[in-house]
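Grab a pencil and work through these exercises with the model open beside you. Try each task before you read its solution.

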Amino acid sequence: MLTTRIALTLAAMLFGVSPALAQPTVKIGLIMPYSGQFADTAAQMDNAIKLYLKQNGDTVAGKKIEIIRKDTGGVAPDVAKRLAQELIVRDQVDILAGFVLTPNALAAADVSAESKKFMVVMNAATAIITTKSPYMVRTSATVPQLTETFGTWARKNGIKQVYTMVSDYGPGHDAEQGFQRGFKDAGGEVVGSVRFPVANPDFSAFVQRARDVNPAAIFIFVPGGVQPAAIGKALAERGIDAKTTKVLGMGELTEDEARKSMGDASIGIITVYHYDHNHDSVANREFVKAFNEANAGRNPNIYSVGGYDGMRLIYEALKKTGGKTEGDALVAAAKGMKWESPRGPIAIDPETRDVVQTVYIRRVEKVGGQLVNVEFDRIENVKDPFKSRMAR
Amino acid sequence: MATVSLEAVGGAHGYLRAQTRWRRSEIAFWLATLLPFLLFPAYLQLASQIAITALFAVSLDLILGYAGIVSLGHAAFFGLGAYTAGLFSKFGWGEPLSGLILASALAGVVGYAASFVIAHFRHLALIMITLGMGLLLQEAANSASELTGGVDGLQGVRMRPLFELFPFDLWGRTAYTYSLAALFLTFLVARRLTHSPFGLSLRGIRENAVRMPALGAPSRTRVRQVYTIAAAMAGMAGALLAQTTLTVSLEVLSFQRSADVLVILILGGAGRLYGGVLGAIIYMVARDQFSGINPQYWYFWIGLLLIAVVLFLPNGILAGLDRAAARFRRRSP
Amino acid sequence: MNTPGPASSSILATVGLQKSFGSLAAAREVSVAIPPGVRYALIGPNGAGKTTLINLMTGMLRPDAGRIFLGGEDITSVPPAERVKRGLARTFQINTLFPRLTALEAVTLAVCERQGHASTWWRSLPAYRDAIDEAYAILGSLALGADCYRLTRTLAYGQQRLLEIALALATRPKVLLLDEPAAGVPRGQSPALFGAIAGLSRDITVLFIEHDMDVVFRFASRIIVMVGGRVLVEGTPQEIAADARVREVYLGQTRHA
Amino acid sequence: MISSFVGVLFDGFAYGMLLFLLSVGLSVTLGMMNFVNLAHCSFAMLGGYVTVTLMDRLGWPFLATLPVAFLAAAGASAALERVLFRPLYRASDLDQCLLTIGVVFVSVAGAAYLYGTVQQPVQLPGYLRRAVTLGSFRFPVYRLFLIGAALAVTVVLVAALECTRFGARVRAAVDNQRMARGLGIDVDGVFAVTFALGSGLAGLGGALAIEMVGLDPSFAFAYLIYVIIVVSVGGLASIGGSFAAAALLGISDMAGKYYVPQLGAFLIYLVMVGLLMWRPAGLFGRR
């Protein structure tokens with residue numbers, strides 16, 4: 001492998017031939033944390049990307065799509081940036097995509113801006129990311145888009161007081177700020193808040209603090225993975241019943257594995273998210289079915305839908321440009337694009353290059369013996385409020 | 001082995017001089033570091049990060065390989081350097097060299113302060129205290145997210161061209177030149193240091209810390225000195241990373257980074273300076289290649305590599321190579 | 001402090017040293033005064049507190065009470081390394097060497113430490129020609145010249161015992177404390193080792209711990225006998241040989257030692 | 001006020017016992033045998049995956065999986081000990097460190113390959129999910145169960161090492177290999193069994209930990225720091241020390257998070273650094 005690469009590089013230097021020019025291809029470099037703590041988010045996203053390629057073929061606008069995968073191993077902006085640079089100078093990719101984690105996306109944004117390459121962020125949700133490169137489009141969501149909307153919704157739906165609990169790091173702070181802003185602006189009162197360490201195996205002390213205040217509702221943000229179940233169990237242990245104290249959270253809180261681990265303790269938890277595999281639409285049913293088949297029954301999640309829509313965006317943009325891969329052309333093609341995603345109707349805001357989408361409110365209920373996130377309210381056409389404010 | 005001869009005393013001088021002389025293999029090695037410019041122009045970014053990691057590993061080698069201080073928190077100084085360089089540029093001073101020196105100096109100052117604690121402990125307590133201090137610093141950086149940018153990383157780091165002539169390009173030509181030059185110059189210092197009476201004294205501390213006071217040696221002072229120097233070098237490595245990638249995030253302070261550099265140093269061979277450099281090259285090239293082939297399970301192969309090195313080349317690759325070379329020489333006189 | 005020091009004629013002296021480990025008193029009211037240039041032997045049964053006394057003198061242990069004087073100066077609170085600098089060196093009963101340094105490097109290190117070069121990091125070691133010469137000469141004087149390029153751990157055991165002494169000598173001691181210098185050396189070879197010690201300059205005062213009475217009586221000009229953490233008696237070999245108390249504690253023990 | 005204090009104490013103690021169960025095996029392998037076994041949590045992870053597999057795919061009851069988790073980790077470690085670790089007992093600490101890190105890498109990759117990177121939830125039986133109410137306070141049964149398990153492990157282990165012939169052999173072999181061989185003790189065998197015991201305990205700890213901290217392939221790295229903290233603070237080779245250290249760390253961590261949440265992330269490290277500065281050899285350490 002190494003020798004092949006050396007040979008190729010040498011050939012490229014000596015004869016000025018680039019292997020990329022040999023046939024009309026579009027190369028997409030995926031930069032994701034395939035290994036380490038966040039490996040599962042990358043895996044779920046990658047599964048959806050593979051599914052999209054399988055369903056739509058690997059040729060678009062007469063060009064063959066070639067995907068090159070690069071692992072950052074976790075939060076590592078220096079690595080992400082180097083990988084982005086290498087993808088462009090070494091592998092001559094046309095599009096950078098993936099990006100589960102904010103710091104990695106921010107670091108690669110510089111490369112996209114400098115090399116004028118189209119970049120598709122399929123998950124990283126900090127609001128400012130898309131401002132870092134004019135060639136960037138995001139197909140996931142932003143944290144304020146979900147939490148600020150959720151805060152407003154909570155107040156409008158009869159919740160007067162809330163206690164917020166978030167992980168003490170960037171996304172947690174954004175979630176706390178977003179929710180509190182939406183909630184207070186709508187006239188609600190924040191009766192207390194606490195931030196817990198990012199690596200926190202046992203939440204009982206923090207839950208006890210919340211319980212001491214005896215709030216009408218608790219808003220929770222924790223990163224997906226181990227922690228949703230851990231905090232859910234701590235709530236149940238400390239006797240916080242979602243039937244009396246409303247438990248509000250970001251969708252991570254009631255992911256499949258978390259619900260399973262929490263059991264009946266998860267019933268009644270209300271979450272906000274832009275996607276859940278139970279969303280009822282034709283597009284989603286087909287997507288979930290195909291995804292289940294390809295992945296031994298596992299359900300897609302937001303990372304999957306972000307990757308799936310990201311690939312769709314790339315395909316459609318390439319079709320529009322007729323296979324041209326210049327950053328300007330692709331980003332122009334992407335702006336204002338609208339389609340029916342498995343999550344519902346979405347559009348790319350031409351100003352911010354972020355997704356305009358429906359935000360769903362769900363509650364865990366027992367349906368036919370199964371614990372399910374049941375969609376019971378929705379707010380349509382939500383833009384990223386952070387950038388709307390910036391523009392104002 | 002030397003036999004007694006009339007010039008036995010001259011032999012003693014000659015023997016010690018031979019230890020410090022530049023070997024042909026060394027010169028060949030440093031010339032070879034220029035090869036990526038010709039052979040692998042698309043790998044210069046990687047080469048630059050390898051050079052930075054090598055510098056970081058050499059700084060750890062000074063305390064671990066020479067003074068016997070095992071640290072699991074060396075990234076603290078790497079991170080300090082990175083944040084200093086990053087913040088310096090963020091607040092308007094984008095000239096790289098001055099930022100590099102300032103970052104290195106600041107890491108050295110903090111290293112000096114920490115050394116008063118470090119010099120009092122050994123063994124597991126020392127390892128855990130360095131680990132604890134590193135983690136505390138990382139948590140502090142997370143808490144001070146107003147300043148550091150927290151998990152999202154420091155935003156707005158911009159570098160002026162090196163010497164106002166060479167901008168940091170996408171290919172990494174400037175980055176590699178800059179990192180390599182810094183590595184080489186620092187390596188010269190480290191090499192001289194290890195061949196000096198001070199270096200000998202450090203090896204004495206490593207070999208037998210109890211005996212040193214009985215020779216009248218103020219071991220703790222020596223430990224403090226080398227810890228300060230190593231911290232400054234680690235800070236320089238961190239600053240280089242910040243300047244060549246324009247990114248600084250909490251990860252520069254992480255336990256993972258401390259552990260990685262320790263693995264790299266042991267892999268290459270501790271106590272021989274080149275061990276850190278070789279370890280960085282092998283580990284990072286292997287990682288690049290393995291993860292290129294298999295982004296999801298590459299670390300399986302890294303694991304096998306580590307296991308194989310321990311089983312077949314104990315005390316690191318360089319020690320193994322040395323033994324092989326010695327055997328070869330004995331066989332063919 | 002106005003505590004009266006011992007007679008200024010002694011080079012090394014202790015006054016009322018006390019040290020206990022838990023309930024075990026390893027030194028009780030130990031007061032000795034060693035005049036310069038004398039070869040002293042420190043004897044006593046196992047557990048008498050001989051090594052403890054050396055550790056107290058060199059500062060590796062801190063006394064519970066009492067004072068220590070070197071050349072008339074109170075060094076009780078002086079750190080170990082500083083005591084060495086002032087001329088008090090020691091060797092160890094169990095080899096305490098630098099396994100992966102060569103003998104030459106180890107002794108050169110000791111010389112450099114003494115000369116105050118060991119904090120210099122910008123000059124290369126071979127530039128210190130004097131130090132190297134001196135180290136080589138010390139090794140030569142102990143018949144280690146031929147093997148000085150070997151790693152310490154590859155030296156024969158007897159050579160390692162000599163290297164212990166070489167390291168101590170490199171500090172140019174006024175007083176040299178030898179903790180069983182011949183420990184572990186085959187019985188037939190210990191006179192040779194003590195011959196090397198006897199050959200040391202008379203400027204160096206020597207105090208050695210030794211169990212072999214033949215060696216003690218041959219090389220010591222004065223003897224201190226310790227029992228149970230106390231100094232039982234001190235005197236010339238003849239006086240000690242004639243002392244009834246010594247015979248009482250010691251008789252029958254010498255053969256096993 | 002009092003009830004929240006009791007709560008913090010109880011939760012902290014239970015959390016400490018979880019740490020203890022994860023790390024007690026390491027105080028056997030690292031502490032007693034002096035083998036730098038950074039792969040400890042790989043064995044814990046193995047125990048966890050055994051429990052998940054038995055419960056999820058074969059429908060075993062939770063409690064029945066625990067001995068199997070112990071045995072599986074012990075068996076796997078015995079095999080590895082024979083092939084990889086035994087030749088390294090006399091190698092440098094650094095080589096041991098590198099080798100066992102290599103094992104961690106391989107184990108993490110293996111777990112990711114076999115089980116995927118997804119969280120492996122377990123659904124505990126109902127009686128372990130309840131809480132006992134006593135006055136104004138609720139004691140979750142699973143936490144009581146963890147405390148009980150930790151106490152049982154401590155008692156059994158201390159008794160086995162202090163009062164049995166096997167324990168005497170282990171102590172002899174660990175203290176002075178050559179002399180033990182001279183006394184006719186099968187040192188290799190004793191080491192193999194001791195190593196398997198330490199890793200088996202890790203496997204048990206891993207199985208018990210899933211309910212609280214979850215399980216995915218990063219487990220082998222994520223909890224490594226915690227177990228080393230417990231062992232170093234407790235003092236090498238001291239079961240009682242590990243117990244005390246785990247309890248102390250658990251309670252102070254929990255109390256810190258409850259009373260001064262701003263210091264939440266700092267506290268466990270501050271306590272560790274402070275304790276080690278005070279007693280570098282650990283609470284019950286001899287060296």
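Two strands pair if DSSP finds at least two bridges between them. Helices (H or I, at least four residues) and strands (E, at least two) are DSSP runs, numbered from the N terminus. You're looking at a predicted model, where local features need pLDDT of at least 70 and side-chain atom pairs count only at pLDDT 80 or more, while totals for chains, interfaces and linings use all residues. Residues are numbered from 1 along each chain as its sequence is written, and chains are lettered from A and ligands numbered from 1 in the order in which they are written.

**Exercise 1: a sheet in chain C**

Task: Work out the strand order of the six-stranded open sheet in chain C and find its edges.

Solution:
- Step 1. Start with the pair β6(C) and β7(C), where β7(C) covers residues 175-179: three bridges join these strands, and they run parallel.
- Step 2. Zoom in on one spot of that pair: R90(C) stands opposite L177(C) of β7(C).
- Step 3. Now walk across the whole sheet, and you get the order β6-β7-β8-β3-β9-β10, with mixed pairing.
- Step 4. Look for strands that pair on one side only: β6 (88-90) and β10 (230-235) of chain C fit, which makes them the edge strands.
- Step 5. Check the twist, which averages 20° from one strand to the next (axes are lines fitted to C-alpha atoms, for helices over the stretch in contact, and angles run from 0 to 180 degrees between N-to-C directions).

What holds such strands together in general? Strands of a sheet pair through backbone hydrogen bonds, either parallel or antiparallel.

**Exercise 2: a strand in chain A**

Task: Decide whether β7(A) is largely enclosed or not, and describe how β7(A) meets β8(A).

Solution:
- Step 1. Set the rule: a residue is buried if 20 or more other C-beta atoms lie within 10 Å of its own, exposed if 12 or fewer, and partly exposed in between, with C-beta atoms placed from the backbone.
- Step 2. Apply the rule to β7 (residues 161-167) of chain A: six of its seven residues are buried, so the rest of the structure largely encloses this strand.
- Step 3. Turn to β8 (residues 189-196) of chain A, which runs parallel to β7(A) and is joined to it by seven bridges.
- Step 4. Find a facing pair: S167(A) sits opposite F196(A) in β8(A).

**Exercise 3: two domains in chain A**

Task: Describe how chain A is divided and how its two domains touch.

Solution:
- Step 1. Mark the bounds, which come from an automatic or database domain assignment: domain 1 is 2-141 + 283-353, and domain 2 is 144-273 + 358-391.
- Step 2. Place the C-alpha centres of these two domains of chain A: they lie 30 Å apart.
- Step 3. List who takes part in the contact (two residues are in contact if their C-beta atoms, placed from the backbone, lie within 7 Å): 14 residues come from domain 1 of chain A and 17 residues from domain 2 of chain A.
- Step 4. Sort the side of domain 1 of chain A that touches domain 2 of chain A: five residues are nonpolar, seven polar and two charged. Here Ala, Val, Leu, Ile, Met, Phe, Trp, Tyr, Cys and Pro count as nonpolar, Asp, Glu, Lys and Arg as charged, and the others, Gly among them, as polar.

**Exercise 4: who touches whom?**

Task: Which of the four touching pairs of chains has the most contacts, and what does chain B meet?

Solution:
- Step 1. Pick the winner: chains B and C have the most contacts among the four pairs that touch.
- Step 2. Look at that pair, where 42 residues of chain C are in contact with 35 residues of chain B. On the chain C side, α3(C) gives the largest share, eight residues.
- Step 3. Sort this side of chain C by class: 23 nonpolar, nine polar and ten charged residues.
- Step 4. Swing over to chain A: 30 residues of chain B are in contact with 31 residues of chain A. The side of chain B that touches chain A has 14 nonpolar, 14 polar and two charged residues.
- Step 5. Rule out pairs that don't touch: the nearest C-alpha atoms of chains A and C are 34 Å apart, and those of chains C and D are 14 Å apart.

**Exercise 5: the build of chain D**

Task: Judge how compact chain D is for its 287 residues.

Solution:
- Step 1. Count the elements: chain D has 13 helices and two strands.
- Step 2. Compare radii of gyration (taken over C-alpha atoms; the globule rule is 2.2 Å times the number of residues to the power 0.38). Chain D has 19 Å, close to the 19 Å from the rule, so it is as compact as a globular protein of that length.
- Step 3. Check burial: 58% of the 287 residues of chain D count as buried.
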